[in-house]
Amino acid sequence: MSTLKNPLLKNAVESIQIGLEDYQDIDKDPRRELSSIRNIYAGILLLYKYKLQQLSPDGSNEVLLKSKIVPQQNAKTGLISFKGSGKRTVNVHEIIERFEELNISINKDNLKALGDVRNDTEHYYVQQTGINVKEVITKAFHLFTEFCPYIKREPVNLLGKHYWEIMLNVSTIYDEERQKCLENLKTVSWKYKEVKNNIEKLRCLHCYSELILAIDVHKKENSDFRCKACGKTSTYKDMIGSSIANALNCYHKIAKGNEESSTDLCPMCCYDSYSLVERRCLACHWELEYNYCNVCDADLTLDEQELNGLCSYC
């Protein structure tokens, strides 16, 4: 039984604990996999919200925790202060923004991976292998241990020895498998730098696992891939096509409106894998037929290819 006094911190810890209990019961009931992923992800977000609650000034209605912040003027002194408004609390993008402004460092890649697995498992059909929840536990383990110093808590004491050992054992084994896969992918002769620099973000299009291996590392390009989680094989085109846009387009920067997508829909393979940097598709290698306008020499876009060498203005 938890003895934590703060309700938000108590909910955070208990969500992770329940998620780990769900994980242990997956063999008995496969539906517990989704429940485990949901609970662990929710627990990490609640932990972050607890820190924002801690940092909110007294009398501010938990201003840093609330999504809506409103200014108020003291009638006597004329001083302006900011208070939280409404019941809606910050979402994941707002948590990241506020942590950045408060110089609180979290591993955004791990948090994004955690959210992606949760969303894909819940909203799309992905093959249940038990590997996705192991990835979630591993990512959550690192996020949890890295964040505990910010709330001045020892991870093992906060979570409890039993639950701590579950997370530690799962993450140790998973990290070893993950490292073997990355070492394999690093030996591939990647044709494009954008792909080479993002191999750690490739995902199986069947089960969404990141435990991906290149079958023929000596092949100069276009090696097929095998997923260690579900055992299915994917072609180079399908593997890169299904993963690269998510890898290249940093979700929190785009959400904040300060970075545009670096990929577009390829008209040949229909994946969102046409690189605006390479000016070709990273998945099927399709290139523009017309690169420059025959009249004004302006760069031509994908949408202007049907104009037979002219830009839309000309």
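The following exercises with worked solutions concern a predicted model.

**Exercise 1. Cysteines**

Determine how many disulfides the structure holds, and account for the status of Cys 204.

Solution. A disulfide is a covalent bond between the sulfur atoms of two cysteines. The count for this structure is 0. For Cys 204, the nearest cysteine sulfur belongs to Cys 230, at 3.7 Å. The cut-off for a disulfide is 2.5 Å, and Cys 204 is in no disulfide.

**Exercise 2. Accessibility of two cysteines**

Classify Cys 204 and Cys 296 as buried, partly exposed or exposed.

Solution. Buried means under 20% relative accessible area and exposed means over 50%, with partly exposed in between. Cys 204 has a relative accessibility of 3%, so this residue counts as buried. Cys 296 has a relative accessible area of 40% and is therefore partly exposed.

**Exercise 3. A sheet of three strands**

Establish the strand order of the open sheet that contains β6, β7 and β8, and identify its edge strands.

Solution. The order is β6-β7-β8, and the pairing is antiparallel. Strands β6 (263-264) and β8 (280-281) each pair on one side only, which makes them the edge strands. Between β6 and β7 (residues 274-275), the antiparallel pairing runs over 2 bridges. Within this region, Thr 263 stands opposite Ser 275 of β7.

**Exercise 4. The surroundings of Glu 210**

Locate Glu 210, classify its accessibility and list its contacts beyond four places in sequence.

Solution. Glu 210 sits in the loop that joins α8 (193-196) to β3 (212-214). Its relative accessibility is 4%, so Glu 210 counts as buried. Leaving out residues up to four places away in sequence, Glu 210 touches Glu 135, Lys 139, Tyr 174, Arg 178, Glu 200, Leu 202 and Arg 203.

Note on methods: Residues are numbered from 1 along each chain as its sequence is written. This is a predicted model: local features need pLDDT of at least 70, side-chain atom pairs count only at pLDDT 80 or more; totals for chains, interfaces and linings use all residues. Side-chain values use heavy atoms; hydrogens and water are left out. Buried means under 20% relative accessible area, exposed over 50%, partly exposed in between (1.4 Å probe, protein chains only). Two strands pair if DSSP finds at least two bridges between them. Helices (H or I, at least four residues) and strands (E, at least two) are DSSP runs, numbered from the N terminus. Contact means heavy atoms within 4.5 Å.
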